[in-house]
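Here is a short round of questions and answers on one structure. Keep the sequence and the 3D view open as you read.

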Amino acid sequence: MSLDTQKIDSNQRQQIMASVQQQLALQNAQELLQKLSDKCFKACVQKPSSSLSSSEQKCITQCSDRYMDAWNIVSRTYANRIKREQQKY
Amino acid sequence: MSLSSLANDPELQKFVAAKELENQLTTQVHHLTNICFDKCVESSGSLSDLSAKQTTCLQNCVERFLDCTMLITNRTVQRIQQGR
């Protein structure tokens, strides 16, 4: 622990960085789950009944797989586009 | 550990700034996926493995949306400069 009370030591820094990273990852996961539920409920459950039918369950599973696939494609495309824009300058 | 010691730590500041930027980009990806999924996947009806057509549509959707945003930005700046 540093004697200089105005500085944080590397241990504390690591902890803070890990904590920030964790919070951001959690935030991202929550956003994704929210989007998945919204999209796939809308797409797959037209008339809510007393339980999810097996076809509704299958649809929801496929929908969330496809949404994640789409997310990955969008993420890659976006990153590449940014790189291309940066190379212009 | 005080707040001022956190604010004065340059490595931490750099890290936080980088993470903020990363977070902005991730938010944008969520936004784009939301729009492009509707246009390219949901509307085409099929939900089993993304077809090549759907994949191309998603890629085009991202590029065109960004083109659209840039166009609107330029146009808006133009209007402001013209005093409208």
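Q: Is B:Cys36 buried or exposed, by its relative accessible area?
A: This is a predicted model, and the values are computed from it. Buried means under 20% relative accessible area. B:Cys36 has a relative accessible area of 0%, so this residue is buried.

Q: Which cysteine forms a disulfide with B:Cys36?
A: A disulfide needs two cysteine sulfur atoms within 2.5 Å. The sulfur of B:Cys36 has a partner 1.9 Å away, and that partner is B:Cys61.

Q: How many residues apart in sequence are the parts tied together by B:Cys36 and B:Cys61?
A: B:Cys36 and B:Cys61 form a disulfide. B:Cys36 lies in helix α2 of chain B and B:Cys61 in helix α3 of chain B, so the pair ties together parts that are 25 residues apart in sequence.

Q: Is B:Cys57 buried, partly exposed or exposed?
A: B:Cys57 forms a disulfide with B:Cys40, their sulfur atoms 2.0 Å apart. At 5% relative accessibility, B:Cys40 counts as buried. Buried stops at 20% and exposed starts over 50%. B:Cys57 has a relative accessible area of 27%, so B:Cys57 is partly exposed.

Q: Why does B:Cys68 have no bond to the closest cysteine sulfur?
A: A disulfide needs sulfur atoms within 2.5 Å. The closest cysteine sulfur belongs to B:Cys61, and it is too far for a bond because the distance is 10 Å.

Q: What is the handedness of the disulfide of A:Cys44 and A:Cys59?
A: Now to chain A. A:Cys44 and A:Cys59 have sulfur atoms 2.0 Å apart, and they form a disulfide. This pair links helix α1 of chain A to helix α2 of chain A. The torsion about its S-S bond is about -70°, so the disulfide is left-handed.

Q: Which pattern do the disulfides of chain A follow?
A: Over all chains, the structure holds 4 disulfides. In chain B, the bonded cysteines taken in sequence order pair as 1-4, 2-3. Counted along chain A, its bonded cysteines follow the pattern 1-4, 2-3.

Q: Which helix gives the most residues to the largest nonpolar core?
A: The largest nonpolar core has 25 residues. Helices α1 and α2 of chain A, with α2 and α3 of chain B, each supply at least two of them. With 8 residues, the one that gives the most is α2(A).

Q: Which residues of chain A are in contact with B:Leu58?
A: B:Leu58 is among the residues with the most contacts inside the largest nonpolar core. Leave aside its neighbours within four places in sequence. Its contacts include B:Phe37 and B:Val41 and, from chain A, A:Ala70 and A:Ile73.

How values were computed:
Residues are numbered from 1 along each chain as its sequence is written. Chains are lettered from A and ligands numbered from 1 in the order in which they are written. This is a predicted model: local features need pLDDT of at least 70, side-chain atom pairs count only at pLDDT 80 or more; totals for chains, interfaces and linings use all residues. Side-chain values use heavy atoms; hydrogens and water are left out. A nonpolar core is a set of buried Ala, Val, Leu, Ile, Met, Phe, Trp, Tyr and Cys residues joined through side-chain atoms within 4.5 Å. Buried means under 20% relative accessible area, exposed over 50%, partly exposed in between (1.4 Å probe, protein chains only). Helices (H or I, at least four residues) and strands (E, at least two) are DSSP runs, numbered from the N terminus. Contact means heavy atoms within 4.5 Å.
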